[in-house]
Protein chains: 2
Amino acid sequence: MNGVQQKTAEGILFTDQYQLSMAQLYFRLGLHEKTVQFDHFFRDYPDYGYHRAGYCINAGLAWLLDWLQTARFQATDINYLRSQTDRTGVPIFDDSFLTWLQNEFTFERLTLRAIPEGRVVHPHVPLSVVQGPLAIAQILETSLLNHLNYQTLIATKAARIRESGEGQLLLEFGLRRAHSTGANAGARAALIGGADFSSNVGVSHVLGLPPKGTHAHSMVQVFMALGMGELDAFRAYADVYPDDCLLLVDTIDTLESGLPHAITVFEELRRKGHQPVGIRLDSGDLAYLSIQAAKMLNQAGFTDTSIVLSNDLDELIIWQILTQINQEATRFGVDPAQLRRRLVYGVGTRLITSHGSPSLGGVYKLVAVCDNGTWIPAIKISENPGKTPNPGHKHVWRLYDGRGNATADLLSLDDEDPSQMEVIVLQHVSDHTKRRELNQAEVKEIEPLLVDVWDEGKLVYNLPSLEAIRERRQQDLNRLDTGVKRIMNPHIYHVSLTPRLWDLKQHLIESTRNQSG
Amino acid sequence: MNGVQQKTAEGILFTDQYQLSMAQLYFRLGLHEKTVQFDHFFRDYPDYGYHRAGYCINAGLAWLLDWLQTARFQATDINYLRSQTDRTGVPIFDDSFLTWLQNEFTFERLTLRAIPEGRVVHPHVPLSVVQGPLAIAQILETSLLNHLNYQTLIATKAARIRESGEGQLLLEFGLRRAHSTGANAGARAALIGGADFSSNVGVSHVLGLPPKGTHAHSMVQVFMALGMGELDAFRAYADVYPDDCLLLVDTIDTLESGLPHAITVFEELRRKGHQPVGIRLDSGDLAYLSIQAAKMLNQAGFTDTSIVLSNDLDELIIWQILTQINQEATRFGVDPAQLRRRLVYGVGTRLITSHGSPSLGGVYKLVAVCDNGTWIPAIKISENPGKTPNPGHKHVWRLYDGRGNATADLLSLDDEDPSQMEVIVLQHVSDHTKRRELNQAEVKEIEPLLVDVWDEGKLVYNLPSLEAIRERRQQDLNRLDTGVKRIMNPHIYHVSLTPRLWDLKQHLIESTRNQSG
């Protein structure tokens, strides 16, 4: 794809054909300007097969806004749509609709509320709420889901890996295995969710972070092919990067060659007044090798150098490595706690692709239509009750318990405010037998989650810095019960409806069923 | 990311930091212009957990070439690199290296051979071979892998899904769940590997294919919220798209509401002289519902209308649906063969993310260094023998058996030609006990797989059209044994070394081990 083609494929036509077909249908019927509301939410946490998430980290909003602010129908897009024909050769889109697209269509006519990036989020809770003309809100669907689903997926995986790695330094290395240019969004999401740095140079630059890296096996191979050896390669590296010297020690043999050579070079650096950064292990039994590496480095007096682990790591593999270190390090004369504090994780493929669950099922559902000034809630019933969206205008509240921990997210009707309720009834979203009551006194804080982002073409939201987004993430995680954060079989966080919203939902399900009969 | 930032993040800095660190090291040592060879290959077929591929479909080359031809170090990139500092505040990159990057660095100095897109490919076989100055070939690694790994992964999944769907029409619908803008590369790869069309408007336009789609549940919901019903929605759709009328019938109740309403509208269309396209089922028991839909449509005289299935389909789910149709259709008075021929598959999430195996482990390994005009083979040994790359300059041959089917891919040294061998010895790449012999008479055809693509800055390859790439894929699949193509437990296709290449590999492993001792 050349540059011009890329502009086409990533501009306003970065959408599904049926969005345009439906928009024209609405236009023909005079419904295209009717004000509607779509909610964006996901229904289930990522399920990685043998483990699943108990929370997600919201991400992607800022890049969606960048897209929103530039995507519009250019003359070339309109000409292309004009050329589309149906099976009988008749143009699919007529001139009056195309003229409307070119002259009247702008995302600036939409209003957007959203939960900020970095926040802990849960199923069924609207993460973004779009109001505006039907045809415009409809065409936004695909791109909105594309931008928000993937970044939230990856921020969530990064948070889990960070949790598993006990908060040690986490480096994102996945560019070569990412899904094409989606790598950049993935690196950003990883940095929001838990990675400290990325190896990806371009996106690090854009985000204002230094990119991180060491060297590849090929560097040692070049030296060997030229009749030199690993030690020469390490010396050359230390010579060029005396204060950034991190050596990959597994090209030939980690314990017999790589580590002794690295220690030799580190000793040389030390004599010259430099402090070596550490070593990287990229193959073999990482738990065993990291213990042996720590032992050898300790014996040489390098007790602070990092030990970077890489090679298809994810949250379970890191957990396994740490468990084995706890069990075995002492036997080799290494303090497991001290070793764990010097570990750094380089995570590539399994973070940037969210291994085990490479997609988040975020959806964008019509929940209300404004007819002659009156909002009418809309519903789409499903055979699976958990899939039926929550209708109408809603507020989203987070309730904190006496310890200040988040205890439930509550969806209410627009005119409800749980802080005015003596007893807050939390009704499960689909199971009528499940409800819980909280006295106002048990609730320490009630926080609305949605903020105004975009109001008829104006950004009314101060986009936070990456650093602020990461702080937000850490604050939310600090206020989440440990049971919800654990990697295996997490506690189910409560997402609930107020009784009035529950009743509205049941009423709409009933009347829809009757309408079909 | 705004437009300027995107240019930065997808240009020459779309790479890992360590590529730049290593390039500078080579520059300092005067090795940066040394001619080297890197081979790109993957080691294992995608493993989807309970099933795995027996072949891959090669894809991504044309878009890599687009990137290659425009990526260069701009002044802004150089300024950014100049601003990078190490832990002590010292600049990481010095002026002389940066001057070289800006003035001398160009991918035009590389030579590239590759296996064409659309071809069936196997592990260990070099899919692309890069020769050129060490620092330049090194910096290419990340982007090359990013472009080729993902498209090959998705083309492979698409081929499997097409195989499972018995070659019926296959539509790619995954944009909303794809990994950000990687969606476009994914759609292209799906179209190479087996999808007939995509819902993605922009990339379809760029590739010269019509995008396909129908309508969403929300269209029916809008009508219902405004006091109308599903039938009104269907009528409106038929009115606007009388010759493209494909109706989604599961918004309320597939059998009680959606199908009867669709048939009513189809009858109205028929009376007006139009031929309805079909219906789409997007939830529930797709096998059962498609049988019932076929029955109802047949009874109304619509025996040719398509039945489009969607909802998290993949190769196993399609296989299950077809199995159930074969078992049950007759009982409902529906001919299973006739029903299967009217099915169309809309595949989204699980195709564009390669569900079960969301990454392909393609690697880029140094295999030779040219020193004073002599090529020296290079190796990187691994504890796992299957991971040790095959060294040196090589040819790649495909051998076809008496029936004209591909029977093995053979890697040979540069000066070997299997057509000159009376007996062709096929040695397994890592297991010394596994070898097979073929008499020349048993071999119907011997085909070299690598073609010259890029020769010192000149494209010396006619990039085939998408249609030609797809024909190439189909030809290769037609010449592949059924056992290799099957979805579960495929036969292992033979990828072999000539005895001379095997001996070189063993010799290098031995001498590397000695060097470390």
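## Exercises on a predicted model

**Exercise 1.** Decide whether Ala300(A) is buried, partly exposed or exposed, and find its surroundings.

Ala300(A) has 17 other C-beta atoms within 10 Å and is therefore partly exposed, where 20 or more such atoms would make a residue buried, 12 or fewer exposed, and a count in between partly exposed, with C-beta atoms placed from the backbone. The model is predicted: local features need pLDDT of at least 70 and side-chain atom pairs pLDDT 80 or more, while totals for chains, interfaces and linings use all residues. Residues are numbered from 1 along each chain as its sequence is written, with chains lettered from A and ligands numbered from 1 in the order in which they are written.

Next, Ala300(A) is placed in the loop between α12 (286-299) and β10 (306-309) of chain A. Leaving aside residues up to four places away in sequence, Ala300(A) touches Ile263(A), Phe266(A) and Glu267(A) (contact means C-beta atoms, placed from the backbone, within 7 Å).

**Exercise 2.** Determine how helix α4 (residues 75-83) of chain B packs on helix α5 (residues 95-103) of chain B.

The first step is the geometry: the two helices pack at an angle of about 160 degrees, with axes 10 Å apart. α4(B) is therefore roughly antiparallel to α5(B), a term for angles over 145 degrees.

The second step is the contact, to which α4(B) contributes Ile78(B), Leu81(B) and Arg82(B), and α5(B) contributes Leu98(B), Leu101(B) and Gln102(B).

**Exercise 3.** List the buried residues of helix α3 (residues 61-70) of chain B, and what they pack against.

Leu61(B), Ala62(B), Trp63(B), Leu64(B), Trp67(B) and Leu68(B) are buried, and the buried residues of α3(B) pack against β3 (111-114), α6 (134-164) and α7 (182-193) of chain B.

Terms used: Axes fitted to C-alpha atoms, helices over the stretch in contact; angles between N-to-C directions. Helix = DSSP H or I, 4+ residues; strand = E, 2+ residues; numbered from the N terminus. Parallel < 35°, antiparallel > 145°, perpendicular 65-115°, else oblique. Contact = placed C-beta atoms within 7 Å.
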